[in-house]
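Work through the exercises below with the model in view. Try each task before you read its solution.

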Amino acid sequence: MFRRKVNFKNTLLLIACLVTVSSVVGLVYLDYNIRQTFSGKKWRLPSHAYARPLELFEGKHLSKRNFLRELAETSYKQVKELTAPGQYIDNGSQIKIYRRAFRFWDEATVEATLEIHIERDKVKLLKVEGERVPLLRLEPMLIGGIYPHNFEDRKLVRLQDVPGVLTDALIAVEDQSFYQHNGISLRGIARAMYANVKAGKVVQGASTLTQQLVKNFYLSSERSLKRKLLEVIYSLLLELHYGKDEILETYLNEVYMAQDGPRAIHGFGLASEFYFGKSVSSLSIGEAASLAAIVNGPSHFNPRRYPDRCRRRRDKVLSMLKASGKISELEFLAATREPLGVSKYKRKRKASYPAFMDLLKRHLARDYDNETLRGEGYRIFTTFDPHIQWATEKSVAGTPLSNKPKLEAAAVVMGMSGDIEAVVGSRSPGQLGFNRALDSRRPIGSLIKPVIIAAALESGRYQLSSQVSDETIEVSMENGTKWIPKNYDGQSHGDVSLYDALIHSYNHAMVRLGLDIGVEQVVHALHKLGIKRDIPKNPAMLLGSLGMSPLEVATVYQALASQSYFHPGGRSIRYVTNSRHEILTANPVVLEKGLSESSLHATQFSMLGVMYEGTGRWAGNLLGDQLRAAGKTGTSNGMRDSWFAGFTGDKLAVVWLGYDSYKSTRLSGTSGALPIWFRLMKRVAREPFGFPKPPSIEYHWIDEETGKATFSFCQGARKFPFTNQVEPSGVAPCIKSIDPVLDWFRRQFN
Amino acid sequence: MKLAIILSIFLAHACTTTRKDPMPQTSRRHNAPPEQGHLKKKTHRQKDAVRALLDMAQTSTRQGLYREASSYVERAYRIDHRDPAVSLEMAKVMWVRGDDIQAEHWAQKSLGLWSQFDFEGRREAWSIIYQSRIRRGDYQGANEALRRSRP
């Protein structure tokens, strides 16, 4: 009996010891867990990609329509009177903006009222706080994000930046004894139990802000006794280690506030921008009360979907604030009279600019792994220009795409600093899918011809006026077969100048020229023009069998448009900064030496000729000298691809059309891609192509039919650029026809 | 009479197809591309915004804030990529940052943009090229640049 008693006691003691030890171990584990999570990095912050900042200066071309659209896309709200950042007034030609503060990679702009006068799509006057300034810049438009796997998005705020009325409202409505309890409120539990028993159902919760934070931060939303017990322990431990302000600040950044498509809006910082288009520090009393009201049920009290319900809840919060003496009677009355003031919600496309974002992610992948981008809160300042993108999308959408349902398109627009400003990867630019601008390497057809001309000039053996035969040519291939290229019109044109061969896109002459200088020289020229990858050296590439993506073509033509020093590669990223605003990546504008300035000048001369009197004539004539352009059409075998690549003084654009199935488009470069390129340039280009003569170029009068020297007053005389101090050889007869009038008629009708 | 009609048609055609920038005495091509003659470079008129940014860049350079200086010049370059003073300023910033290759490239670019009468700008550009080459140990090239920097 005695033995059994002892045994029972021992067992009890052992169990008690085990329970105590395991409780202590459990507590230590929970304590460690809490401190680990709370003291370190609390959240995985998404990385955000921004468009280029809108730089405004007097004389800048600026479409008011695009400007207002950009303001709207940057969550600026049109108002009648400016009261807070994030608002603007449209007074016709004068737009007043209350700018938000923004931290760029190089400087921080402060909140300020701006005045911008726009007349006939040009900025006439700029004022900041009433003072005239030569330039200013606005915060850039957010174009996308790289989100954590749970799609949580938040903008962190510090407690000192949050208006007192917001924290007062939150405490008043969610946890009135926040500053008194130690994590749990026994009085609150008793009150809730009484209210629930009285009502016969759950009408009141007793969770403190600390408990709510614990639930969101460490636990699931499962309703069980075990979870509730853990919540209590966690709350007590949290309060043991951390101060009230730190807990409150964490709560302000953690709490779920809204859903924007797949993106979950967390924290008051982002919620303030999402609902009111302003920073949290600029919230009015009414707006702060609204946000506090939403916390209880972001979906139930969604101010956009249920404005009346939200308003009633807001007024309740306001009356609680008044009752606790946090706001005066007057403030209460004014706030309750305020409308909710929620900004208009714009349903965003699934991916706003997928083709550009795709390019950006590939460029980012060179330096960053995906997980880092998903969680470190980086800010990526890109070269994307929304105005150019909108114009590109609009231009691509017209004919011939509107008439051919399955015809695909791609376009790339570059600025002259090598910035990639717009990318369209398909006929439906807003949809993710195959990015033809980057991944579709299609035969470039005659787009290769300026490269052949440049290579020929670079060799020093040719001038632009040099004659080359356009008679039929037969090329023996490596596999023993014969290749006989054909001209577009099916005819041969005798001896033609390099200039004529390019502007009329004569295949026989160009193949003959390419073979004479050597395919290797053409490939070498392509490398000098910025193509880094290996290029197969076969004669068919002289007629553009070489497959290139529109982006690669843009890179080559950017170099062709230069005066020897060009911006290699094409940039999509300017700067990447971390959440502490330190620069992680800087992509400055760099220059690389390409072909010689004399070869490029003469090549550009002939590309200008394409637009003046060649295959791009109609577009060149319509653009006129105000938008002098140079370019080249391209059509691949069987009209499977229609290309146009060209540039003015400030923009370069490449347009491609084709079927994914390689079916014939029945469109040449002139009839397919050129109309789109023309519409695009009319919308985005502002400067004519400048054409300065380098010192290594001399112009001479030559006879256009023979390429021999002549005089300015002779028939058929014209000026041609000559490189490397070479002068035209021979002398052409001055008078070729004794009846110039008849001759003129003959030429017009022949 | 016939000849007069033909002549008047000829003259009318000639008048209507004359471009603002006509090709001199070309018998066939009325829409010929512009040649260098009528596109003589004038001294570049600097925009106020560009001037303001270049001033900020120079201030930053003096304070040793080269990255900021480079950023200001880049902004100016995007506003007016044909302003030779912008390319020259970028060359200076690159030089003080120790990037001799880029300094020379930008100086070369500015040389392609200065008018032949902008002696001071050309001299400064050649001077940067000279110093960049010296730093790289290219003394022959440096001598050539020095020679060309002199009026």
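**Exercise 1. A loop residue with an unusual angle**

Task: Locate A:Ser505 and state its phi and its burial.

Solution. Step one: A:Ser505 sits in the loop of chain A that runs between α17 (498-503) and α18 (507-517). Helices here are DSSP runs of H or I with at least four residues, strands are runs of E with at least two, and both are numbered from the N terminus. Step two: phi of A:Ser505 is near 55°, which is positive although the residue is not glycine. Most residues other than glycine have a negative phi. Step three: with a relative accessible area of 11%, A:Ser505 is buried. Buried means under 20% relative accessible area, exposed means over 50%, and partly exposed lies in between (1.4 Å probe, protein chains only).

Before going on, note the ground rules. This is a predicted model, in which local features need pLDDT of at least 70 and side-chain atom pairs count only at pLDDT 80 or more, while totals for chains, interfaces and linings use all residues. Residues are numbered from 1 along each chain as its sequence is written, chains are lettered from A and ligands numbered from 1 in the order in which they are written, and side-chain values use heavy atoms, with hydrogens and water left out.

**Exercise 2. Another positive phi**

Task: Is A:Arg666 buried or exposed? Give its place and phi as well.

Solution. Step one: look in the loop between β31 (651-658) and α23 (669-684) of chain A, where A:Arg666 is found. Step two: phi of A:Arg666 is near 55°, a positive value for a residue that is not glycine. Step three: A:Arg666 has 70% relative accessibility, so it counts as exposed.

**Exercise 3. A serine in a helix**

Task: Which atoms does the side chain of A:Ser272 reach?

Solution. Step one: find A:Ser272 in helix α8 (residues 267-276) of chain A. Its relative accessible area is 0%, so A:Ser272 is buried. Step two: follow the side chain of A:Ser272 to the backbone oxygen of A:Lys278, at 2.7 Å. The same side chain reaches the backbone nitrogen of A:Val280 at 3.4 Å. Step three: list the contacts (heavy atoms within 4.5 Å). Leaving out residues up to four places away in sequence, A:Ser272 touches A:Gly277, A:Lys278, A:Ser279, A:Val280, A:Leu283 and A:Leu291.

**Exercise 4. A glutamate in a helix**

Task: Which side chain makes a polar contact with that of A:Glu239?

Solution. Step one: go to helix α6 (residues 225-241) of chain A, which holds A:Glu239. A:Glu239 is buried, at 14% relative accessible area. Step two: its partner is the side chain of A:Thr210, at 2.6 Å. A polar contact is a pair of N or O atoms within 3.5 Å; within protein, one must be able to donate a hydrogen and the other to accept it, and residues adjacent in sequence count only if both atoms are side-chain atoms. Step three: beyond neighbours within four places in sequence, the contacts of A:Glu239 include A:His181, A:Asn182 and A:Lys244.

**Exercise 5. The two chains**

Task: How many helices and strands does each chain have?

Solution. Step one: chain A has 24 helices and 33 strands. Step two: chain B has seven helices and zero strands. Step three: add burial. Buried residues make up 57% of the 750 residues in chain A. In chain B, 46% of the 151 residues count as buried.
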